[in-house]
Structures are given as structure tokens and as C-alpha cells.
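User: I am new to this structure. Please pick one part of it for a close look, and then connect that part to the rest.

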Amino acid sequence: MADKEPQQPEELPIVLVHRLPSFKIPSDSSFRDQLRSQFHMLDPHESPEPYDSFLARHAPFIRVLMTIGPSPVSAEFLERLPFLELIVATSAGLNHIDLPACWSRGIVVTNASLAFAEDVADCAVGLLIDVLRRISAADRFVRDRLWPVKENYPLGFKLGGKGVGIVGLGSIGSEVAKRLLAFGCTIAYTSRNKKQSVSFPFYANVRDLAANSDVLVLCCALTKETYHMINKDVMVALGKDGVIINVGRGSLINEKELVQCLVGGEMGGAGLDVYENEPNVPKELFGLDNVVLSPHCAVMTPESFEALDQLIVVNLKAFFSNKPLVSVVSNE
């Protein structure tokens, strides 16, 4: 009996890697090896061929794009990929992707919010507790050896019983709500649409939400509609004791008006992980003990990145197997 001819390995499904030259495929070498063992990862920046030529040559075969970090995906860029069906984003925020252009083409977009949700929510709650109980300021008070001199440290504020308005009740906002309910807070929210699956009070606009809340937690995406949605009118509605926590995007807030309200004592405080012009932070905030600042690090845990690695692989495998995707960005 003649020996069977050796079987040729099946070609791996193609994934185009879209990144700025300074960005790399996320995580460690084992994850990169895992990707490359299951998919043909096309990275123009690893090829000696000019970028435009590389993209034009491969465009007819590209159905999936994996974006690394904030790499821009414009309508013009999408036109260069006529057969694209899926964008797998490695970030939670998507202001660098032209979503309407994607949806008009029927291109599905997934993001990292499901992978990042728990750790970002933890950070949001941590910032809120820090602002209310003045933990960072108390740390400075002790380290500066002021305790023996001044003796009494200013009172903080209780978290339990606070009315918290969540701006954007998606994956991250839902995790924030879950945690704050355990502290005895009451929850309300605003979002693009009222969610039938939750019983929290819904407000159609953020000003009305602010007027009925002690705290606003910003978890929503940055879009043309949400740019500077938190302005002085909203801050005044929140009240002199009101607190804003931002783990979304810096430009959700009119930063100049935020600074004015905080410096002028028109707000109770703020906990900020994101800013309008990162890494530059308004210097007026540095001396305010009722403001807690962190360097856009809400997602920065090993567990978040491990979950992201798994989410990327799950979605790529699901797409090429015609199975349901997870963490799909809704256009509703």
C-alpha cells in the first residue's frame, strides 16, 4: 500500500495589526507567540516594504483588523480595506475609531471594556473613597510631620448613603454600580438609552442626573456628543459638596471650568484618572487636598492585561469559526 502524501498545513487566518510605530502587540512574548501560532499576524511596521504598498497588496485578503492602543482608524483608512468585517480594539475607549463609518459599512467593533471593567471600577471606587475620606491628603499630612503641630485633621465624609450618578452604564459603569451598592449608595444613571434590564432611575440628560446626585462617576465613551458634557452648568447642578470621578476620557469634562469650580470652592472634590491634554495636568489642581490625581492607570493591573489577551484570542477565534463575539460595541 502506497504511503499517503503528507498533508499541507492549512493557511492561518489573516489578521492585520494596526498600530503606531511606538506601540507593540500587548503583553508578553508568550501571548504574541500564541497569536502567531493561530493567526497570520500581518504587521506593516515589521516589513521592509513601504506601508502603503504593503497595505494595498494585502487589502483584498484582510477581513479582521486588530488595533493596538489609540491607533487612529478613520473613514479614509477604512476605505483602503474594502473587505474588512471586524475590528478588535485593545482599548476600552474608542474615540480614535470612526464608529459611524464602521457601522455604515457593517463592520463589527469589539473593545476591551469587558476585560478592563472590574479593575477600572475598583479604581473609580478607590478614587471616590480617597476624595471623601481625604486619604491621600492625610498621608501627606503625616509625612510632612504636621500631625504633632496641628493635631486635628479635617473631617472626611461618609460614602454610605451617597447618591451616585453613573454616566455610562456599560460594562465598567455596571461594575461601579455593583460595588457602590455594597457600600450602601443609591444609584441612578444616564446613558444613550434607558436600559430595560436595570431598575436604577434613568435620567435623559446629565444635568438632571447631577441635580439629583451627590457624586458623578464618568464611565462613558468620548464622542462628539459627549465631548465637554460635564460643564459648569452640570457642576453647579451637582452642588458645592458634589464630587466628580472620571475614569472615562479627559475631554468628557470641560477641564478649565472644572478647575475654576474646584479652586473657587463651587464643588466638593474630584478624583481624576484622565485629562484633556495628557500627560499635562492643570497645575492649579496640585495644591488642592480635595482632588486626587492618578496617571491614566485605572486599567494597569496584570489581571487586566491577562484578561485582555484572552478576550482578543476568544474574539479572533470566534470570528473565524462563525461563533458569537463578546464585548461587541453597540451602535444603539
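Analyst: Start at Arg145, in the loop that runs between helix 6 (135-143) and helix 7 (147-150). The model is predicted, so every value here is computed from predicted atoms. Arg145 is not a glycine, yet its phi is positive, at about 60°. What is the usual sign of phi for residues other than glycine? For most of them it is negative. Arg145 thus departs from the common pattern.

A second backbone feature sits in another loop. Pro279 lies between strand 10 and strand 11. The peptide bond that leads from Glu278 into Pro279 is cis. Its omega is near 5°. Again there is a general background: most peptide bonds are trans.

Now turn to the sheet that contains strands 10 and 11. Six strands make up this open sheet, in the order 7-6-8-9-10-11, and they pair in parallel. At its edges stand strand 7 (186-190) and strand 11 (291-293), each paired on one side only. On average, neighbouring strands here are turned by 15° against each other, with direction ignored.

Look closer at one pair in this sheet. Strand 9 (residues 243-246) and strand 10 (residues 269-272) run parallel and share four bridges. Asn246 faces Leu272 of strand 10 across that pairing. Helices pack on the sheet as well. Helix 5 (residues 113-133) touches strand 8 (215-218), strand 9, strand 10 and strand 11. The direction of helix 5 makes about 150° with that of strand 9. Helix 8 (residues 171-182) packs on the sheet too, and touches strand 6 (163-167), strand 7 and strand 8. Here the angle is about 170°, taken against the direction of strand 6.

Asn246 and Leu272 come up again in a cavity. A search of the whole structure turns up one cavity of 30 Å³ or more. The volume of the largest cavity is about 40 Å³. Asn246 and Leu272 are among the residues that line it, along with Gly250, Ile253, Glu255, Leu258 and Val274. By class, that lining has four nonpolar, two polar and one charged residues.

Next comes an open space. The second largest pocket holds about 220 Å³. Its lining counts 14 residues. Nearest its centre lie Leu132, Phe157, Asp241, Val243 and Gly268. Six residues of this lining are nonpolar, three are polar and five are charged.

There is also a five-stranded sheet. It is open, with the order 2-1-3-4-5 and parallel pairing. Strand 2 (40-42) and strand 5 (108-110) are its edges; each has a single partner strand, so one side of each has no neighbour in the sheet. From one strand to the next, the twist averages 25°. Strand 4 (residues 86-89) runs parallel to strand 5, joined to it by three bridges. In one of the pairings, Leu86 has Val108 of strand 5 as its bridge partner.

Finally, the record. An unreviewed UniProt entry places the feature "domain: D-isomer specific 2-hydroxyacid dehydrogenase NAD-binding" at residues 125-298. Over residues 125-298, the chain is 32% helix and 14% strand. The end C-alpha atoms of that stretch are 11 Å apart. UniProt, again in an unreviewed entry, gives "domain: D-isomer specific 2-hydroxyacid dehydrogenase catalytic" at residues 55-329. Over residues 55-329, helix makes up 37% and strand 13%, and the end C-alpha atoms are 26 Å apart.

Definitions and conventions
Residues numbered from 1 in each chain as written. Predicted model: local features only at pLDDT ≥ 70, side-chain atom pairs only at ≥ 80, totals over all residues. Heavy atoms only, no water. Pairing = 2+ DSSP bridges. Helix = DSSP H or I, 4+ residues; strand = E, 2+ residues; numbered from the N terminus. Axes fitted to C-alpha atoms, helices over the stretch in contact; angles between N-to-C directions. Contact = heavy atoms within 4.5 Å. 1 Å grid on protein atoms, 1.4 Å probe; cavity = no way out; pocket = protein on both sides within 12 Å on 5 of 7 lines; lining within 4 Å. Points joined across faces, edges and corners; volume = space filled by probe spheres on them. Nonpolar A, V, L, I, M, F, W, Y, C, P; charged D, E, K, R; others polar. UniProt positions renumbered as here; feature names shortened; annotations may be inferred.
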